[in-house]
2 protein chains.
Amino acid sequence: MQPRVHVVTLGVADIERSLDFYRGLGWGPGAVVGTEFEATAESPGGAAGQLVLEDGLLLMFYGRQDLERDAGTALSPGPGPFSLGHLVESRAAVDEALQAAVDAGGTLADAGHERPWGIYSGYFQDPDGHLWEVISNPASGPEAEG
Amino acid sequence: MQPRVHVVTLGVADIERSLDFYRGLGWGPGAVVGTEFEATAESPGGAAGQLVLEDGLLLMFYGRQDLERDAGTALSPGPGPFSLGHLVESRAAVDEALQAAVDAGGTLADAGHERPWGIYSGYFQDPDGHLWEVISNPASGPEAEG
């Protein structure tokens with residue numbers, strides 16, 4: 001296997017609600033695909049929300065119970081023990097992104113502050129509780145030059 | 001916010017065990033960083049495993065309880081309602097990747113098979129139960145040419 005992630009799929013309660021939230025962040029219109037594949041006794045439904053991010057990474061929103069059926073394994077209701085990290089160029093941009101997430105219907109989990117390991121970051125949760133950390137790392141960003 | 005994921009952080013029980021598993025997939029030696037930042041009354045510990053994937057995406061392994069403390073929110077023990085998707089070029093490559101994951105210490109959740117929406121895929125779980133779907137999509141891969 002090449003060391004690569006091509007798709008991040010989030011199990012959600014309402015695909016349209018998820019798309020609306022990420023649209024509110026300015027992440028494009030996206031689309032709902034697969035609605036023609038209804039759930040059957042043998043298969044979960046195929047409807048999923050899809051956003052194409054930078055580098056071609058797909059961010060997908062799939063019904064949580066469909067994901068359980070598709071994967072053949074039980075999943076916790078969530079929020080699960082993971083986070084997605086988003087780097088920005090300054091502390092102010094961290095605070096702005098967290099506010100934008102709240103304005104779009106997300107929840108602030110932890111306001112921006114300095115972490116002992118030298119970053120400034122904060123966390124928000126999307127409408128299903130999926131965690132995002134917004135990070136400014138002065139060791140790797142423009143602030144390191146200043 | 002730009003539409004981008006820079007980091008995927010998985011909450012884990014044992015950072016070294018996680019690194020060993022992904023090393024077994026051939027995803028590089030990686031490293032444990034931040035061990036100098038021990039947990040305090042005010043802060044979680046900073047130790048995390050880190051792998052640099054293609055396109056510069058960071059795959060991080062962070063103690064689940066440290067992640068909860070860092071994010072300021074309770075997280076389910078997992079496996080959480082999400083999956084990471086990995087595209088390969090053929091059905092045989094799906095089966096090979098699933099077998100490689102099992103050989104490295106993962107668990108097969110759902111063996112490779114055709115899905116109604118035209119892909120061939122299967123799921124494995126890493127040592128903490130985090131879900132990966134390995135996918136061959138003939139509509140977008142070399143098999144579409146054949």
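## Fold of chain A

Among the contacts in chain A between residues at least 6 apart in sequence, 49% join residues at least 24 apart. That figure, like everything else here, comes from a predicted model. As for burial, 48% of the 146 residues of chain A count as buried. Taken along the principal axes, the C-alpha atoms of the chain fill a box of roughly 60 × 35 × 25 Å.

Chain A has three helices and eight strands. Walk along its sequence and you get the pattern β-α-β-β-β-α-β-α-β-β-β.

## How the two copies are related

Now for the symmetry. A turn of 180° with a shift of 0.0 Å along the axis lays chain B on chain A, and the RMSD is 0.0 Å. The two copies are thus related as by a two-fold rotation axis. Looking for the spot in chain B where the C-alpha comes nearest that axis? Go to Gly80(B), at 1.9 Å from it.

## The contact between the chains

Chain A and chain B each put 52 residues into the contact. On the chain B side, the elements that give two or more residues are β1 (7-12), α2 (64-71), β5 (82-88), α3 (91-103), β6 (107-114) and β7 (120-125). The most comes from β5(B), with six residues. By type, the chain B side divides into 28 nonpolar, 19 polar and five charged residues.

Do the copies meet through the same surface or through different ones? Through the same surface, because 100% of the interface residues of chain B are also interface residues in chain A.

## A sheet built from both chains

Here is where the two chains really get mixed up with each other. An open sheet of eight strands runs in the order β6(A)-β7(A)-β8(A)-β5(A)-β1(B)-β4(B)-β3(B)-β2(B), with mixed pairing. At the edges stand β6 (107-114) of chain A and β2 (31-33) of chain B; each has a single partner strand, so one side of each is left without a neighbour in the sheet. Ignoring direction, neighbouring strands of this sheet are turned by 25° against each other on average.

What about the place where the chains join up? Strand β5 (residues 82-88) of chain A pairs with β1(B) in the antiparallel sense, over four bridges. In this pairing, Leu84(A) stands opposite Val8(B) of β1(B). Strand β1(B) also runs parallel to β4 (residues 58-63) of chain B, and six bridges join the two. One residue pair to look up there is Val12(B), whose bridge partner in β4(B) is Gly63(B).

## Helices on the sheet

Two helices are worth a look against this sheet. Helix α3 (residues 91-103) of chain A packs on the sheet and touches β5, β6, β7 (120-125) and β8 (131-136) of chain A. The direction of α3(A) makes about 5° with that of β7(A).

Helix α2(B) lies across strands of both chains: β5, β6, β7 and β8 of chain A, together with β1 and β4 of chain B. Against β4(B), α2(B) runs at about 95°.

## A hairpin in chain B

Last stop, the hairpin of β6(B) and β7(B). These strands pair in the antiparallel sense over five bridges, and Thr107(B) has Gln125(B) in β7(B) as its bridge partner. The hairpin has five residues between the strands, and Gly118(B) takes a positive phi near 95° in it.

Key:
Residues are numbered from 1 along each chain as its sequence is written. Chains are lettered from A and ligands numbered from 1 in the order in which they are written. This is a predicted model: local features need pLDDT of at least 70, side-chain atom pairs count only at pLDDT 80 or more; totals for chains, interfaces and linings use all residues. Two residues are in contact if their C-beta atoms, placed from the backbone, lie within 7 Å. Ala, Val, Leu, Ile, Met, Phe, Trp, Tyr, Cys and Pro count as nonpolar, Asp, Glu, Lys and Arg as charged, and the others, Gly among them, as polar. Two strands pair if DSSP finds at least two bridges between them. A residue is buried if 20 or more other C-beta atoms lie within 10 Å of its own, exposed if 12 or fewer, and partly exposed in between; C-beta atoms are placed from the backbone. Copies are superposed by least squares on the C-alpha atoms of residues with pLDDT of at least 70 in both. Axes are lines fitted to C-alpha atoms, for helices over the stretch in contact, and angles run from 0 to 180 degrees between N-to-C directions.
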